[in-house]
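Dear colleague,

I am passing on the structure below, and after it you will find an account of what turned up in it. Please read the two together.

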Amino acid sequence: MTLADLRHTFATPALQNGVDIKTVSSMLGHYDAGFTLRTCTHATRQMQDQAAEIMGSFMSQVM
């Protein structure tokens, strides 16, 4: 496992567990949070399921 692999392994779970992107980006030494999102994070099935639940709840409230 490389250092880059460890950084990627850290970034996604950190976001998944509520650490905000600016903090994750700073901890990884990145100036731009967008760079962190583009290069060090991945959408997980759990994140996609959670987003679907949030949007489903929202849609049921507005319809």
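To begin with a single residue, Met 27 lies in helix α2, which spans residues 21–27, where helices are DSSP runs of H or I of at least four residues, numbered from the N terminus. At a relative accessible area of 55%, Met 27 counts as exposed, the classes being buried under 20%, exposed over 50% and partly exposed in between, with a 1.4 Å probe and protein chains only. Its C-alpha atom is 9.3 Å from that of Ala 11, although Met 27 and Ala 11 are 16 residues apart in sequence.

Before going further, I should say that this is a predicted model, in which local features need pLDDT of at least 70 and side-chain atom pairs count only at pLDDT 80 or more, while totals for chains, interfaces and linings use all residues. Residues are numbered from 1 along each chain as its sequence is written, and side-chain values use heavy atoms, with hydrogens and water left out.

Ala 11 also belongs to the largest nonpolar core, which has five residues in all and is completed by Ala 14, Val 24, Leu 28 and Cys 40; such a core is a set of buried Ala, Val, Leu, Ile, Met, Phe, Trp, Tyr and Cys residues joined through side-chain atoms within 4.5 Å. Leaving aside neighbours within four places in sequence, Cys 40 is in contact with His 8, Ala 11, Thr 12, Leu 28, His 30 and Phe 35, contact meaning heavy atoms within 4.5 Å.

His 8, in helix α1, is partly exposed at 27% relative accessibility. Not counting residues up to four places away in sequence, His 8 touches Pro 13, Thr 39, Cys 40 and His 42. The C-alpha atoms of His 8 and His 42 are separated by 8.3 Å, with their positions 34 residues apart along the chain.

Turning to helix packing, the axes of α1 (residues 3–16) and α3 (residues 33–40) come within 10 Å and cross at roughly 110°, the axes being lines fitted to C-alpha atoms over the stretch in contact and the angles running from 0 to 180 degrees between N-to-C directions. That makes α1 roughly perpendicular to α3, a description that applies from 65 to 115 degrees. On the α1 side the contact involves His 8, Ala 11, Thr 12 and Leu 15, which meet Leu 37, Thr 39 and Cys 40 in α3. The residues of this contact divide into four nonpolar, three polar and no charged, where Ala, Val, Leu, Ile, Met, Phe, Trp, Tyr, Cys and Pro count as nonpolar, Asp, Glu, Lys and Arg as charged, and the others, Gly among them, as polar.

The structure also holds two salt bridges, each defined by a side-chain nitrogen of Lys or Arg within 4 Å of a carboxyl oxygen of Asp or Glu. In one of them Arg 38 meets Asp 32, at 3.6 Å from N to O; Arg 38 is exposed, with a relative accessible area of 60%, whereas Asp 32 is partly exposed at 36%. The other joins Arg 45 to Asp 49, with the closest N and O atoms 3.3 Å apart, and both residues lie in helix α4 (residues 45–62), four residues apart, or about one turn of the helix. Here Arg 45 is exposed at 61% relative accessibility, and Asp 49 is partly exposed at 34%.

Helix α4 also contains Gln 48, which is partly exposed with a relative accessible area of 42%. The C-alpha atoms of Gln 48 and Leu 28 are separated by 24 Å, and these residues are 20 apart along the chain.

With best wishes

Terms used. Helix = DSSP H or I, 4+ residues; strand = E, 2+ residues; numbered from the N terminus. Parallel < 35°, antiparallel > 145°, perpendicular 65-115°, else oblique.
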